Amino acid sequence: GGTFTWTTRLTPAVTGTDVELLVDYELPAGFFGELFDKLYVEKTITRDLKYAMESFKALVEFKVPALA
């Protein structure tokens, strides 16, 4: 099988917290795994993580309107 490691780093920043995701993986199947990675997997993971981080940012930065 393949391997997969996910590391999340949270670093204090001037206006909040910086979040950094480090993803390292290796697909099985040698040459064919590498080819599949370059043609599909890498782009899919990048797209999905970008969407997840944008959604997370919107969630944590959401401001509830004050009651009048």
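In strand β2, the residue that bridges to T8 is L21. Strands here are DSSP runs of E with at least two residues, while helices are runs of H or I with at least four, and both are numbered from the N terminus. This is a predicted model, in which local features need pLDDT of at least 70 and side-chain atom pairs count only at pLDDT 80 or more, whereas totals for chains, interfaces and linings use all residues. Residues are numbered from 1 along each chain as its sequence is written, and side-chain values use heavy atoms, with hydrogens and water left out.

Let us stay with the strands. Strand β1 covers residues 3–13 and strand β2 covers residues 16–26; the two run antiparallel and are joined by eleven bridges. Two strands count as paired if DSSP finds at least two bridges between them. W6 stands opposite V23 in β2. A hairpin of two residues makes the connection from β1 to β2.

After β2 comes a loop that leads to helix α1, and A29 is found in it. The phi of A29 is near 85°, a positive value although the residue is not glycine. As background, most residues other than glycine have a negative phi. A29 has a relative accessible area of 55%, and therefore it is exposed. The classes are buried for under 20% relative accessible area, exposed for over 50%, and partly exposed in between, using a 1.4 Å probe and protein chains only.

I now turn to the helix. Helix α1 spans residues 30–60, and D37 lies in it. Which side chain of opposite charge is nearest to D37? The nearest is K38, 4.7 Å away, and D37 is buried yet has no salt bridge. In this count Lys and Arg are positive and Asp and Glu are negative, while His and the chain ends are not counted. A salt bridge requires a side-chain nitrogen of Lys or Arg within 4 Å of a carboxyl oxygen of Asp or Glu.

What does the side chain of D37 make a polar contact with? The partner is the side chain of Y25, at 2.4 Å. A polar contact is a pair of N or O atoms within 3.5 Å; within protein, one must be able to donate a hydrogen and the other to accept it, and residues adjacent in sequence count only if both atoms are side-chain atoms. Leaving aside residues up to four places away in sequence, D37 touches Y25, L27 and E42, where contact means heavy atoms within 4.5 Å.

How many salt bridges does the structure hold? There are four. In one of them, K38 joins E42, with the closest N and O atoms 3.0 Å apart. Both residues lie in helix α1, four residues apart, which is about one turn of the helix. K38 counts as exposed because its relative accessibility is 51%, whereas E42 is partly exposed because its relative accessible area is 34%. Another salt bridge links D48 with R47, again with closest N and O atoms 3.0 Å apart. E61 forms a salt bridge with K57, where the closest N and O atoms are 3.3 Å apart.

Finally, the structure holds two aromatic pairs. One of them is formed by F31 and F32, edge-to-face, with 5.5 Å centre to centre and 75° between the planes. Rings of Phe, Tyr and Trp (its six-membered ring) pair if their centres lie within 6.5 Å; planes under 30 degrees apart count as stacked, over 60 as edge-to-face and the rest as tilted. Both F31 and F32 are exposed.
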